[in-house]
There are 2 protein chains.
Amino acid sequence: MAAGAFPAQAEDGYDLWLRYRPVSAARAAGIAAHARAVVVAPTAAGDARVKAAADELERGLGGMAARAVRAGAGPQEGSIVLALGATGPAHSSAAILGGLGADGYVIRSTLDHGRRITLIAANNGAGILYGAFALLRHVQIGGTLVNLSLVSKPRIALRVLDHWDNLDGSVERGYAGQSIWNWWTLPDHVDPRLIDYARANASIGINGVVLNNVNAKADSLTDAYIAKTAAIADALRPYGIRVYLSARFSAPMEIGGLKTADPLDPAVAAWWRERADAIYRAIPDFGGFLVKASSEGQPGPGDYHRTHADGANMIAAALAPHHGILMWRAFVYSADNREDRVKQAYDEFKPLDGKFAANVILQVKNGPLDFQPREPFHPLFGAMPATPLMMEFQVTKEYLGQATHLVYLGPLFEEVLRADTHPGEARGTVADIVDGSRDGHALTAIASVANIGADRDWAGSTFNQANWYAFGRLAWDPGASSRDIAAEWASMTFTTAPDFVAPTVAMMMRSREAAVDYMTPMGLAHLMGTGHHYGPAPWVADLARPEWNPAYYHRADARGIGFDRTASGSDALAQYAPAAARRLAADPNYLLWFHHLSWTDTVPGEGPLWDALVRHYDRGVTEVVAMRATWATLTRFVDRDRFAKTGDYLAIQEREAHWWRDACVAYFQSLNHLPLPPGSAPPAHPLAWYEALRFPYAPGQ
Amino acid sequence: MAAGAFPAQAEDGYDLWLRYRPVSAARAAGIAAHARAVVVAPTAAGDARVKAAADELERGLGGMAARAVRAGAGPQEGSIVLALGATGPAHSSAAILGGLGADGYVIRSTLDHGRRITLIAANNGAGILYGAFALLRHVQIGGTLVNLSLVSKPRIALRVLDHWDNLDGSVERGYAGQSIWNWWTLPDHVDPRLIDYARANASIGINGVVLNNVNAKADSLTDAYIAKTAAIADALRPYGIRVYLSARFSAPMEIGGLKTADPLDPAVAAWWRERADAIYRAIPDFGGFLVKASSEGQPGPGDYHRTHADGANMIAAALAPHHGILMWRAFVYSADNREDRVKQAYDEFKPLDGKFAANVILQVKNGPLDFQPREPFHPLFGAMPATPLMMEFQVTKEYLGQATHLVYLGPLFEEVLRADTHPGEARGTVADIVDGSRDGHALTAIASVANIGADRDWAGSTFNQANWYAFGRLAWDPGASSRDIAAEWASMTFTTAPDFVAPTVAMMMRSREAAVDYMTPMGLAHLMGTGHHYGPAPWVADLARPEWNPAYYHRADARGIGFDRTASGSDALAQYAPAAARRLAADPNYLLWFHHLSWTDTVPGEGPLWDALVRHYDRGVTEVVAMRATWATLTRFVDRDRFAKTGDYLAIQEREAHWWRDACVAYFQSLNHLPLPPGSAPPAHPLAWYEALRFPYAPGQ
């Protein structure tokens with residue numbers, strides 16, 4: 001067949017980081033020599049996850065070597081052997097396997113009956129699956145199949161994606177098309193795309209998926225929807241993924257015919273037990289529930305003057321006989337509470353420490369506000385030692401430019417996970433809380449709101465895929481380097497060429513700081529347009545609830561700007577351990593988060609506050625201009641469609657970075673009437689122009 | 001490269017009927033011998049549509065021959081030559097070309113400077129494009145490139161898809177995912193998918209696209225959205241497709257700052273002129289507007305006590321200097337009008353015949369109600385000789401099972417186009433009205449509401465693609481056979497194997513009658529659930545407006561069923577020419593559309609009405625059972641994913657056909673208390689069970 005007969009399959013991003021394109025002939029020969037067959041050891045036969053692992057190795061190594069890699073049997077020279085437990089060729093790995101737990105794996109070049117093999121061994125099928133993907137990743141980023149010795153296990157047991165997907169197919173804060181769950185035609189039809197979704201998750205160690213929005217509809221707990229959920233569970237199970245559901249607290253009233261959802265009412269508890277039993281009959285390995293209760297208008301135990309522990313423990317009791325868990329969100333703040341919004345979750349939950357059932361884990365957002373470009377870590381981390389706490393990140397960029405802006409979130413995740421809740425003590429980082437090591441919890445979990453939709457490239461852009469990837473990799477190892485992860489991702493997603501990877505990783509690593517600078521520099525937060533959270537609206541101050549207004553957060557006036565959260569203000573600082581509070585108070589990244597300053601106060605090393613603020617905005621814009629210029633130099637490394645879309649989106653980002661900067665500078669200047677620092681350009685339009693912009697069709701609402 | 005190294009690209013329906021998969025070696029050699037190169041004659045050079053034609057020939061013939069077909073120059077043996085006008089190799093086709101108009105083409109095997117070539121000649125680039133796709137179709141369905149002599153031209157000038165796509169990405173009555181228009185990121189980013197959309201349309205002769213919902217937002221006429229529309233127009237232009245916009249009648253108030261939208265107010269007219277001028281500056285070949293006015297709550301000239309002609313002519317005047325047209329919908333009925341709903345459009349528009357400006361065309365739905373499984377043709381066809389009338393079909397199956405039911409609409413379209421508005425006279429069919437031949441109109445058009453969305457397979461299912469295809473083919477030639485079109489489509493979409501095509505076409509051809517039978521047999525209509533139009537709800541009778549209720553349409557009670565539209569009733573029959581009215585009154589397909597009968601009346605050849613009705617319902621179910629059984633026998637002809645999805649959907653259809661039949665039979669039986677005819681099974685559930693079903697997440701609303 002002559003070359004060019006068919007148009008090459010366009011690169012449309014669908015394959016994510018699992019592209020498996022042919023490598024050089026020399027490397028292909030090296031792969032082929034060590035991948036003559038994939039052999040499932042008798043110990044591992046019959047495990048669907050091992051089957052999935054074998055299929056993926058055949059597909060991936062076959063793709064890279066550009067020749068068929070087939071299943072084999074028995075000891076074979078040059079084969080890849082998948083073995084469960086420390087028997088047969090894995091016998092010598094017994095000691096290592098003993099420490100690997102359920103999901104860990106060992107990969108090593110070894111001998112089996114005198115034949116050179118590559119062994120992937122683990123204690124269960126999930127470990128084999130993760131080992132297979134680890135081996136593929138090793139090859140994808142340029143490694144060989146020679147002298148292998150890779151051992152890894154996750155630090156966190158439950159690594160979860162939260163889908164804020166509605167039953168009508170829309171996705172709250174989704175910027176990548178409709179939901180990938182075809183609720184309407186489930187369970188009769190299961191979209192084959194779900195298998196590729198499962199592969200992608202398994203490749204980065206994600207082992208749990210919450211299918212529906214935390215702002216849940218009760219319908220998801222009906223028999224009809226349980227059958228639909230069961231069909232999804234069946235599709236994901238071979239990839240080691242359990243499904244969870246967001247449960248609506250008032251469901252006993254809405255679909256159960258009860259007059260109350262009071263958690264202390266026996267009929268309510270009985271209703272939840274009956275529903276849990278029904279779910280587990282259909283899905284024996286169902287993960288459990290995620291509940292958003294008494295928060296932002298959602299029903300909850302507060303409606304009955306019960307505590308969050310009362311509510312959580314009642315539902316958890318329905319799950320416990322089935323070994324299900326309850327993820328209870330700590331994201332609460334009240335319209336009636338005049339206290340600083342960022343203090344309210346701590347105030348509400350800290351007194352409940354130790355009061356939750358054993359199968360309850362509190363899901364705490366990374367910061368005390370709401371997924372801002374930068375926030376200090378949530379003060380609950382480290383403050384509830386008797387309660388398992390799980391992390392909630394947000395991969396979908398609700399507040400970070402949504403679909404179009406290139407913002408790599410790895411550094412944000414890393415910054416939070418490495419934050420020290422108790423400086424000077426051992427095991428004091430947020431990661432040490434989340435992985436259970438500080439307080440000795442076995443129930444450990446980390447979640448992120450997904451950025452996945454029916455768009456062909458899953459995440460709305462190729463670079464958005466990096467955030468899904470980085471979350472998974474950091475969930476597996478919260479101590480990993482976001483830079484290393486970026487390099488890994490770029491190599492797999494585009495090319496291993498160093499002249500591509502180096503500038504791309506550099507651009508990715510600077511991108512989050514750029515977004516902080518052009519949106520909310522120096523500790524500012526939540527200046528986004530209300531509702532859609534798209535674009536700047538720092539002038540909004542007239543909405544009914546104070547904390548709906550950007551003005552609530554920046555507190556700017558003629559004299560100064562910033563939220564005083566020291567002892568002279570809301571004293572949110574007191575919610576942190578004293579040593580952590582001292583650090584945070586002195587951290588220039590959180591200057592205006594914790595302090596209200598005069599416009600003319602001097603910022604150490606940066607001059608007067610106003611000048612410094614404008615320069616941060618300028619720097620953010622300049623950085624995006626540089627990102628776009630960098631990308632333009634990389635054309636020879638990237639296929640046409642992904643290159644063009646990324647370039648188009650960077651052009652949008654550049655324009656919007658200018659917009660953010662100009663609108664915010666114009667607004668703050670309208671308050672302080674100060675001149676711009678030398679060399680800083682005036683905004684392109686008068687403030688009224690920015691204030692008049694409307695976005696009735698902004699996505700994701 | 002060894003076979004099987006890469007997983008074959010899964011067939012996911014994205015390629016539609018343009019799959020171009022390799023044919024047998026013998027056929028491939030035949031193609032290759034006559035497709036050594038694609039040569040653009042000097043007369044045709046520089047035309048973007050000719051370039052698109054050449055690209056498609058290279059792609060399509062190259063794909064089928066499994067070898068590269070490249071561009072060439074000059075006379076070449078075995079080349080395909082694209083020539084504009086009757087010069088060079090097309091000289092001998094001058095006489096034919098003279099009669100082909102703008103879009104026609106001639107394809108012939110001929111000699112050029114002694115070399116055997118395949119000539120595609122036309123009067124403009126669009127004709128070349130249509131000729132190229134015709135040649136490809138000829139090969140795709142099994143033809144050779146020998147002794148070719150194909151000539152064709154369309155009977156209707158404007159062949160249009162109406163997208164009911166909203167600016168927020170949702171699609172009204174869309175069952176195939178979100179809109180393919182990425183409004184949010186346009187004009188900065190143009191999704192490459194739009195090129196494949198354009199290719200598909202061009203392949204079936206569609207040359208116009210209305211981008212937005214007839215229930216329009218004024219925003220589509222702002223500068224920002226004009227720029228977005230212009231970017232789409234630029235993408236579609238090389239494929240001979242013009243863009244149109246739905247325009248909101250009250251836009252002068254909503255985005256123009258005027259206090260009125262009165263069509264006789266000079267400021268209003270000036271506003272529309274200014275907006276039209278702005279659009280044409282951005283899109284010189286902009287097609288024009290589609291307007292839904294004074295209908296279903298939409299603003300219109302009725303708000304100012306003006307006529308539809310007043311409204312239409314005012315907007316048309318803004319378009320006329322740019323040669324744009326106005327498509328004005330005749331789909332009107334009023335909450336205040338107690339007249340039979342199906343009579344109201346005729347009553348409103350017939351008196352306006354001859355009162356519309358020259359660039360106005362009235363868009364009339366195929367029937368007088370609303371896209372039902374079966375309706376008589378709209379009485380306006382043939383009743384407004386002085387006014388150009390265009391057809392509005394609906395490819396999206398709002399009332400025919402939506403995404404999942406396999407219902408081939410070709411027979412429905414054909415039945416309407418061949419309906420005789422004036423039996424006994426020449427040129428009396430609906431097609432003769434629409435193609436302008438009866439009344440001598442040069443402005444001719446046909447439209448269909450599209451079924452296209454961001455789903456990978458575009459239309460929600462493979463067989464839904466057939467309806468898009470059939471609409472385009474019948475728009476080109478309203479006299480074509482829907483059976484031939486089905487065979488063509490099945491051959492291109494799956495395989496030319498006769499053992500596949502014959503049963504598949506038979507199944508397709510029976511499918512529409514099956515839907516009529518299991519949903520609304522014997523002339524019944526609009527028994528669908530209110531709002532979502534999904535599933536049966538004949539019992540609904542309590543909604544505020546009478547014509548919102550299914551009971552309004554069936555008029556069933558203890559004694560009988562049907563809508564008396566004879567002289568003793570609403571006399572809707574009188575809106576038809578007498579000879580046509582006589583035919584319709586006697587047509588058993590429209591029995592209960594035009595007549596109210598007693599349950600015990602005898603239907604000629606079918607026995608008592610009640611028995612006959614139940615037997616029709618039974619027959620509809622039986623037919624779907626047979627369709628599903630037929631499909632199950634075809635597994636060897638179809639790839640895994642398309643086969644499975646079609647089978648899954650047929651299972652849904654079978655269940656829902658039972659549901660329709662059982663619910664309707666249970667309801668009607670609750671009125672007449674008559675026994676079921678012998679051998680007819682009782683409904684699976686009591687009526688209350690069906691009445692209690694709720695579908696809060698039904699798509700497309």
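This is a short walk through a predicted model with two chains, A and B, starting from how the copies are arranged and ending at a single residue.

Let me begin with the pair as a whole. Chain A can be laid on chain B with an RMSD of 0.0 Å, by a turn of 180° and a shift of 0.0 Å along the axis, and the two copies are thus related as by a two-fold rotation axis. If you look for the residue of chain A that comes closest to that axis, you will find Gln178(A), whose C-alpha lies at 3.4 Å. As for how the copies meet, 100% of the interface residues of chain A are also interface residues in chain B, so the contact is made through the same surface.

Turning now to the interior, the largest nonpolar core holds 233 residues, and the ones that touch the most other members are Trp272(A), Phe289(A), Trp328(A), Trp468(A) and Phe668(A). Helix α20 of chain A, residues 640-672, supplies the largest share of this core, with 12 residues. A second, separate core has 232 residues, among them Phe377(B) and Tyr552(B). Staying with Phe289(A), its contacts beyond four places in sequence include Trp272(A), Leu221(A), Ile315(A) and Met327(A).

Finally, is Val624(A) buried or exposed? This residue, which lies in helix α19, residues 609-632 of chain A, has a relative accessible area of 0% and is therefore buried. Leaving aside neighbours within four places in sequence, Val624(A) is in contact with Ala514(A), Tyr518(A), Leu650(A), Gln653(A), Glu654(A) and Ala657(A). By contrast, Gly287(A), 337 residues away along the chain, has its C-alpha atom 41 Å from that of Val624(A).

Definitions and conventions. Residues are numbered from 1 along each chain as its sequence is written. Chains are lettered from A and ligands numbered from 1 in the order in which they are written. This is a predicted model: local features need pLDDT of at least 70, side-chain atom pairs count only at pLDDT 80 or more; totals for chains, interfaces and linings use all residues. Side-chain values use heavy atoms; hydrogens and water are left out. Helices (H or I, at least four residues) and strands (E, at least two) are DSSP runs, numbered from the N terminus. Buried means under 20% relative accessible area, exposed over 50%, partly exposed in between (1.4 Å probe, protein chains only). Contact means heavy atoms within 4.5 Å. A nonpolar core is a set of buried Ala, Val, Leu, Ile, Met, Phe, Trp, Tyr and Cys residues joined through side-chain atoms within 4.5 Å. Copies are superposed by least squares on the C-alpha atoms of residues with pLDDT of at least 70 in both.
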